[in-house]
Amino acid sequence: MVAPGHSFESVTKKIVDVIYSATPKGWVIGFAISFMILQILAVSVSWLLYEGIGVWGVNIPVGWGFDIVNFVWWIGIGHAGTLISAILLLFHQTWRTSINRFAEAMTLFAVACAGLYPLAHMGRPWFAYWLLPYPNTMQLWPQFRSPLEWDVFAVSTYFTVSLLFWLVGLVPDFAAMRDRATHAIPRFIYGVLSIGWRGGSMHWHRYETAYLMLAGLSTPLVLSVHTIVSFDFAVGNLPGWHATIFPPYFVAGAIYSGFAMVINLATPIRHFYGMKDFITDKHMDNMAKIMLATGLMVFYGYGVEAFMAYYSANEYERDLMMKNRIFGPYGNFYWALIFCNGFIPQLLWFKSIRSNEALLFIISIIVNIGMWLERFVILMSLQRDFMPSSWGQYCPTFWDISTYVGTFGLFLSLLFLFCRVLPMISIFEMKHLLPESHVHHHGHGEHAHAGQGGHH
Amino acid sequence: MEAPKPKLYGLVAQFNTPTEIVEAAQKARDAGYKKMEAYSPFPVEDLHEAVGFKRTKLPILVFFGGMVGFLTAFSLETFTSGGAPSFMDPFIPDWFKYPMNIGGRPLNSWIAFIPPEFELTVLFSAFTTVFGMLLLNGYPRLYHPLFNVPGFSRASTDKFFLCIESTDDKFDLQGTKQFLEGLNPEELSEVPA
């Protein structure tokens, strides 16, 4: 999982030097563009706060629009990071090591983008703290039976635990940064961030225990988050939403789109930072396979949705599925979704396509478009109320679209900053993958173990 | 007059491979040293046992952290929703009650209360894990005598260190120095306190 010829020293140097060398020109250009896109978000949110929710296309009967579509989309993308850092760790998938750091960063930044939408949709986000249970002079408490309140707990816990997991992973790497600093200022900054990490054997023992427990805690957590997000729909007594398939297929879809985003991020990192030794072709192949597997689960979910609507023999379910969703006003979007998430991933069966970086990159983009369409198609169930007189149609406005574009600015700006100032690959875990990291109890340290490396 | 000798934190020996540090720690423990610690750039299998440490009690702390999280969410939801049994009424202050009739569901809708209970259990466990680990390890501690050893900065890159502390009962400068030299370290230095 690491290209041959690397030592403890070279692994550290390779990752640390990205930060301690001069800023590459490409980084400046990329960050400048992202930062400009971020300004679109600033303008859009300011206008929304000034003018009110009316600047968006939402109205009755479609009271949720781009805001929840993008909320679910972003939060789904985050799930791959936790899957890589926690679930693959528990399954002893050592190849996760080189991609977990930036995948976790991706999680945090995607959840930050997602969190903006419900806050903005409140109309009065300065009262966002009303969502939290706290003793107040109005003597009010939240309504704990509501999935929207569960969301508050799920998303805030998810963000907090992901942040803790990420920071804990960074501490020993901050120490490596501190120890290789040649100037006083970075030594001071990384020294403070490393909180004085020395790498004592008992410290490592507690550290590894803590890391493993965090992985064990994050695993059910990540499954719960998208389950609860799907409850926002599935608990509602509405045809097309009130389905038990929602939680599993939302979770599978989240991991599916998240891996697509990890591939989209790993490809440029491999190229521009010369990290092909660490993020090898095998990594890309494995990620493509996970994408294929979860993609099939998602496609199965679409099939079950359609079948259950038919099998329920309920005319509202059948009408919704056929006359609204599949052949309705946004029927084209449904077929585009089937194309993106049903047919395109089938290409990943072929090794030649999985090992073609450019194709994999494009497929990943298509997958994320497909996952966005999925949430949009689900949302558009709201268009046809039960009385034709109260039917309506949803169309995003300029500000809906500009807010969505703007969140890419936030996401990419944060990612660029992350690549510049933090070690983008976990240094100490990479060393664990080298054969010389193993203790030889009776030998003389000459015969290396088979190169499978790494354990926790 | 002779200048007073600088106080010592201990003696530190530098090694090149994980195997060497584990063997060195075992030998030092066999020789009767207790107050020592081995330092490595990444976790080395069973090194803490070679040095003589026992398993951490962290998981027990985390269990209680998780229980506190669960009970917090459980009581928060049950009490504020007015779902507690009536004999508890005198013990629950009025500001902590906000019974709501949501579509005729019972005040104690315990099934609907599970998601926040689960989330707070995870949240409190995670906090206990991270801060328990850091506090048990004595962090944050930005200064440590070992940082004065010139070569010690490589403890985060590629070198392994065994430090026998001067507070150990068996510690005497000459004898311990001789012992550590017998382990064939790459380097051996005194750690000023």
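## Exercises on a predicted two-chain model

**Exercise 1.** In this predicted model, the contact draws 56 residues from chain A and 58 residues from chain B. Determine which element gives the most to the side of chain A that touches chain B, and how the residues of that side divide by character.

*Solution.* Begin with the elements that give two or more residues to this side of chain A, which are α1 (8–20), α5 (147–179), α6 (184–193), α7 (201–234) and α15 (427–432). Of the elements, α7(A) contributes the most, with 16 residues. Turning to character, the side of chain A that touches chain B comprises 28 nonpolar, 20 polar and 8 charged residues.

**Exercise 2.** Describe the largest nonpolar core and state which helix supplies its largest share.

*Solution.* The largest nonpolar core holds 142 residues, and Ala110(A), Phe259(A) and Val262(A) have the most contacts inside it. Its largest share, 16 residues, is supplied by helix α8 (residues 246–272) of chain A. Apart from this core lies another of 27 residues, including Ile21(B), Tyr39(B), Cys163(B) and Leu180(B). Leaving aside neighbours within four places in sequence, Ala110(A) is in contact with Trp74(A), Ile75(A), Ile77(A), Gly78(A) and Phe411(A).

**Exercise 3.** Locate Ala306(A) among the helices of chain A, and explain why this residue counts as partly exposed.

*Solution.* Ala306(A) belongs to helix α9 (residues 281–311) of chain A. Because Ala306(A) has 15 C-beta neighbours inside 10 Å, a count in between the limits of 12 or fewer for exposed and 20 or more for buried, Ala306(A) is classed as partly exposed.

**Exercise 4.** Give the domains assigned to chain B and how far apart their C-alpha centres lie.

*Solution.* The assignment for chain B gives domain 1 (8–53 + 159–192) and domain 2 (58–136), and the C-alpha centres of domain 1 and domain 2 of chain B are 47 Å apart.

Key: Residues numbered from 1 in each chain as written. Chains lettered and ligands numbered in written order. Predicted model: local features only at pLDDT ≥ 70, side-chain atom pairs only at ≥ 80, totals over all residues. Domains from an automatic or database assignment. Core = buried A, V, L, I, M, F, W, Y, C linked by C-beta atoms within 7 Å. Helix = DSSP H or I, 4+ residues; strand = E, 2+ residues; numbered from the N terminus. Contact = placed C-beta atoms within 7 Å. Nonpolar A, V, L, I, M, F, W, Y, C, P; charged D, E, K, R; others polar.
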